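Visitor: I should like to take a close look at one part of this structure, namely the pairing of its strands, and then to see what lies around it. Would you please guide me through it step by step?

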Amino acid sequence: MRILVVEDEVDLAHTLRTGLTAEGYSVDLAHDGRQGLWMARTGAYALVVLDLMLPGLNGYKVCAQLRREGNATPVLVLTARDGDRDQAEALDTGADDYLAKPFSYMVLVARLRALVRRSAATAPPVLAVGDLSLDVAGRVCRRGGVRVDLTPREFAVLELLARRAGQAVSKGDLLYHAWPDEAYDPNLVEARVSSLRRKVDTAFRRQSLQTVRGTGYRLVDDRERA
């Protein structure tokens with residue numbers, strides 16, 4: 001199980017990675033808010049441990065942006081800011097739990113386990129938009145029960161569109177989600193969307209993957225048109 005730790009105190013971040021790795025987790029690190037947001041957008045993490053006072057982009061904004069994008073990855077805020085208002089603001093922006101520094105490592109691990117259990121109980125096993133479904137864990141796409149073979153990049157693009165079904169998703173957001181190491185060329189998105197259309201729409205005589213002029217793309221339930 002992968003965890004993302006977004007913490008600008010480098011020594012603490014590495015200590016957390018060492019401890020959590022010993023608990024059986026796979027841990028990635030980010031040391032500023034922009035990098036943390038960029039990595040969290042991939043959807044590859046079961047949990048995010050997030051500091052609030054980060055360079056580049058603070059933790060409040062990182063968490064709020066993830067929630068606006070439909071990213072439901074559980075977030076545990078770990079910070080030296082322990083006032084009531086700080087806690088309330090963190091929870092209001094979408095954090096799932098809050099732990100103030102200095103903290104008990106035993107309590108941190110217990111809270112992470114609790115978040116994993118809670119997330120497993122509430123997360124839908126399959127994303128569905130009309131008769132188009134994505135089994136995120138199994139990385140399987142189906143249209144009307146028929147399996148559609150997608151590349152990993154195509155699946156990543158379609159996953160974000162499905163998580164934000166009915167909403168316009170910018171090319172920039174799709175780049176950050178599917179190409180975290182190459183998020184600069186919108187042509188990457190255009191090529192994958194073109195391929196996706198052939199596979200999930202044209203092959204089934206459908207029009208669920210729409211272009212939103214000047215913004216990006218939208219995935220809709222188009223069964224009434226079929």
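Guide: In this predicted model, a suitable starting point is Leu-76, which stands opposite Asp-97 in strand S5. Leu-76 belongs to strand S4, residues 75-79, and four bridges join S4 to S5, the two strands running parallel. Between them the chain passes from S4 through helix H4, residues 84-92, to S5, and this β-α-β crossover is right-handed. In general, strands of a sheet pair through backbone hydrogen bonds, either parallel or antiparallel.

After S5 the chain enters a loop. Lys-101 lies in this loop, between strand S5 (97-100) and helix H5 (105-122), and Pro-102 is found in the loop between S5 and H5 as well. The peptide bond that joins Lys-101 and Pro-102 is cis, with omega about -10 degrees. Is Lys-101 buried or exposed? Lys-101 counts as buried because its relative accessible area is 15%, and buried means under 20%. Its side chain makes a polar contact of 3.3 Å with the side chain of Glu-9. Setting aside residues up to four places away in sequence, Lys-101 touches Glu-7, Glu-9, Leu-12, Asp-51, Leu-78, Thr-79 and Ala-80. Of these, Leu-78 and Thr-79 bring us back to S4, which covers residues 75-79.

Antiparallel pairing can be studied in another sheet. This is an open sheet of three strands, in the order S10-S12-S11, with antiparallel pairing. Its edge strands are S10 (169-170) and S11 (209-212), each of which pairs on one side only. S10 and S12 pair over two bridges in the antiparallel sense, and Ser-170 has Gly-216 in S12 as its bridge partner. On the other edge, S11 and S12 are antiparallel and pair over four bridges, with Thr-211 standing opposite Tyr-217 in S12. S11 and S12 form a hairpin with three residues between the strands, and there Gly-214 takes a positive phi near 80 degrees.

A second positive phi can be found before S11. Arg-205 has a phi of about 55 degrees although it is not a glycine, and its place is in the loop between H8 and S11. Arg-205 is exposed, because its relative accessible area is 77%, and the cut-off for exposed is over 50%.

Beyond the other end of the hairpin, Asp-222 is found in the segment after S12. Asp-222 counts as buried because its relative accessibility is 4%. A polar contact of 3.0 Å joins the side chains of Asp-222 and Arg-206, and the side chain of Asp-222 also reaches the backbone nitrogen of Gln-207 at 2.6 Å. Leaving aside neighbours within four places in sequence, Asp-222 is in contact with Arg-143, Arg-206, Gln-207 and Ser-208.

Strand S12 also leads to the nonpolar interior. Of the 27 residues in the largest nonpolar core, Cys-141, Val-157, Leu-158, Leu-161 and Leu-174 touch the most other members. Strands S6 (126-129), S7 (132-135) and S12 (216-219), together with helices H6 (152-163), H7 (171-178) and H8 (186-201), each supply at least two residues of this core. H6 gives the most, with seven residues. Leu-158 touches Leu-132, Leu-134, Cys-141, Leu-150, Leu-196, Val-200 and Leu-219, not counting residues up to four places away in sequence. Apart from this core lies another, of 21 residues, among them Ala-40, Val-48, Leu-54 and Cys-63.

Two of the helices just named deserve a further look. In H8, the buried residues include Val-189, Val-193, Leu-196 and Val-200, and also Ser-195 and Asp-201. The 16 residues of H8 should span 22 Å at 1.5 Å a residue; the end C-alpha atoms are 21 Å apart, which agrees. In helix H7 we find Ala-178. Ala-178 is buried, because its relative accessible area is 5%. Outside its sequence neighbours up to four places away, Ala-178 touches Arg-153, Ala-156 and Val-157. Ala-178 and Arg-163 are 15 residues apart in sequence and 14 Å apart in space, from C-alpha to C-alpha.

To review the pairing with which we began, S4 and S5 run parallel, whereas the sheet of S10, S12 and S11 has antiparallel pairing.

Technical notes. Residues are numbered from 1 along each chain as its sequence is written. This is a predicted model: local features need pLDDT of at least 70, side-chain atom pairs count only at pLDDT 80 or more; totals for chains, interfaces and linings use all residues. Side-chain values use heavy atoms; hydrogens and water are left out. Buried means under 20% relative accessible area, exposed over 50%, partly exposed in between (1.4 Å probe, protein chains only). A polar contact is a pair of N or O atoms within 3.5 Å; within protein, one must be able to donate a hydrogen and the other to accept it, and residues adjacent in sequence count only if both atoms are side-chain atoms. Contact means heavy atoms within 4.5 Å. A nonpolar core is a set of buried Ala, Val, Leu, Ile, Met, Phe, Trp, Tyr and Cys residues joined through side-chain atoms within 4.5 Å. The expected span of a helix is 1.5 Å times one less than its number of residues. Two strands pair if DSSP finds at least two bridges between them. A crossover is right-handed if, with the strands pointing away from the viewer, the path from the first strand over the helix to the second runs clockwise.
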